Amino acid sequence: MAEPPDPTPLTPKDLVEDAARDLVRQSYAPRPPIAGVALGEVPVFRSPDGLFAEIVRLDGDRQVQGFAGFRPVQWNWSRVEPGAVKAWHVHLNQEDLWIVPPDSVLLVGLVDLRRHSSTVSTIQRLSLGGGRCHRLLIPRGVAHGVANLGREPQAMLYAVNQFFTADAETDEWRLPWDRFGAAFWEMGRG
């Protein structure tokens, strides 16, 4: 018959040296949000014949309800292939409203590049979709990107408050996809 375990708690010093040296306490504290970024969720109604989600309502001023001041002028659809990383995008004059439907799962990255922002250099990683319908407002000056870590193509919709142009005056700015480390876009381990 085995003896009962010793009830005395251990400390990191009670572990082997090479493990104790690498040991860090897991933090479950919420990470600070980026100023101006707004994440919302709309209800998904399920029935035997499928799903339904009301994703956008415009008020009398043509603003998206729930995102005061955001007036979309163009809607876009994007398909993200398995393993693809679409990053980093930056706009200086435009806001984006991303909608990730419940039948998609996407990893979204955000980095506040605005020099005078109260959250300058703050980084966020968000897993959106996955049975829920998420809406994400991304202010100008916040670098953003998306990755598909799955094995099937994923889709998203997004609205912008400036028309896209492909000319020399476009507000489409880029940073290298690995600007904040290639590991940013990998599945978390641990």
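**View 1. Arg31 sits in the loop between H1 and E1.** The model shown here and in every later view is predicted. Arg31 is exposed, because its relative accessible area is 72%, over the 50% cut-off. A second arginine, Arg189, is 158 residues away along the chain. The C-alpha atoms of Arg31 and Arg189 are separated by 19 Å.

**View 2. Three leucines make a nonpolar surface patch.** The members are Leu10, Leu15 and Leu23. Together they offer about 290 Å² of accessible area. Leu15 belongs to the segment that precedes helix H1 (17-22). Its relative accessibility is 36%, so Leu15 counts as partly exposed.

**View 3. Five strands build an open antiparallel sheet in the order E1-E9-E6-E11-E4.** Strand E1 (38-42) and E4 are the edge strands. Each of these two pairs on one side only. On average, neighbouring strands of this sheet are turned by 20° against each other, direction ignored. Strands of a sheet pair through backbone hydrogen bonds, in a parallel or an antiparallel sense.

**View 4. Strand E11 pairs with E4 and with E6.** Strand E4 covers residues 74-80, and E11 covers residues 154-160. Seven bridges join E4 and E11, and the two run antiparallel. Strand E6 (residues 96-100) is also antiparallel to E11, with four bridges between them. Which residue of E11 is the bridge partner of Asn76? The partner is Tyr158. Tyr158 is also the bridge partner of Trp98. Tyr158 therefore appears in two pairings, one with Asn76 and one with Trp98. Trp75 stands opposite Ala159 of E11.

**View 5. Glu95 makes side-chain polar contacts with Arg140 and Asn161.** Glu95 lies in the loop between strand E5 (85-90) and E6. Is Glu95 buried or exposed? Glu95 counts as buried, because its relative accessibility is 14%, under the 20% cut-off. The contact from Glu95 to the Arg140 side chain is 2.6 Å. The contact from Glu95 to the Asn161 side chain is 2.7 Å.

**View 6. Arg140 and Glu95 also meet in a salt bridge.** The N to O distance is 2.6 Å. This pair links distant parts of the chain, 45 residues apart. Arg140 is in the loop between E9 and strand E10 (142-147). Glu95 is in the loop between E5 and E6. The two ends have their own accessibility classes. Arg140 has a relative accessible area of 34% and is therefore partly exposed. Glu95, at 14%, is buried.

**View 7. Arg132 and Glu41 form a salt bridge between side chains.** The structure holds six salt bridges. In the Arg132 and Glu41 pair, N and O are 2.7 Å apart. Arg132 lies in the loop between strand E8 (123-129) and strand E9 (133-138), while Glu41 is in strand E1, so the pair ties together parts that are 91 residues apart in sequence. Arg132 counts as partly exposed, because its relative accessibility is 43%. Glu41 is partly exposed too, with a relative accessible area of 43%.

**View 8. Arg57 forms a salt bridge with Glu54.** The closest N and O atoms of Arg57 and Glu54 are 2.3 Å apart. How exposed is Glu54, and what is its relative accessibility? Glu54 is at 36%, so Glu54 counts as partly exposed.

**View 9. Another open sheet of five strands has the order E8-E7-E10-E5-E12.** The pairing in this sheet is antiparallel. E8 and strand E12 (173-174) stand at the edges. Each has a single partner strand, so one side of each is left without a neighbour in the sheet. The partner of E12 is E5: two bridges join them, and the two strands run antiparallel. In this pairing, Val90 stands opposite Trp173 of E12.

Methods. Residues numbered from 1 in each chain as written. Predicted model: local features only at pLDDT ≥ 70, side-chain atom pairs only at ≥ 80, totals over all residues. Heavy atoms only, no water. Patch = residues over 30% accessible without salt bridge, like charges linked within 9 Å, V, L, I, M, F, W, Y side chains within 5 Å. Areas by Shrake-Rupley, 256 points an atom, 1.4 Å probe, with all protein chains shown as cover. Salt bridge = Lys/Arg side-chain N within 4 Å of Asp/Glu carboxyl O. Buried < 20%, exposed > 50% of the residue type's maximum accessible area, 1.4 Å probe, protein only. Pairing = 2+ DSSP bridges. Axes fitted to C-alpha atoms, helices over the stretch in contact; angles between N-to-C directions. Polar contact = N/O pair within 3.5 Å; in protein donor to acceptor, adjacent residues only side chain to side chain.
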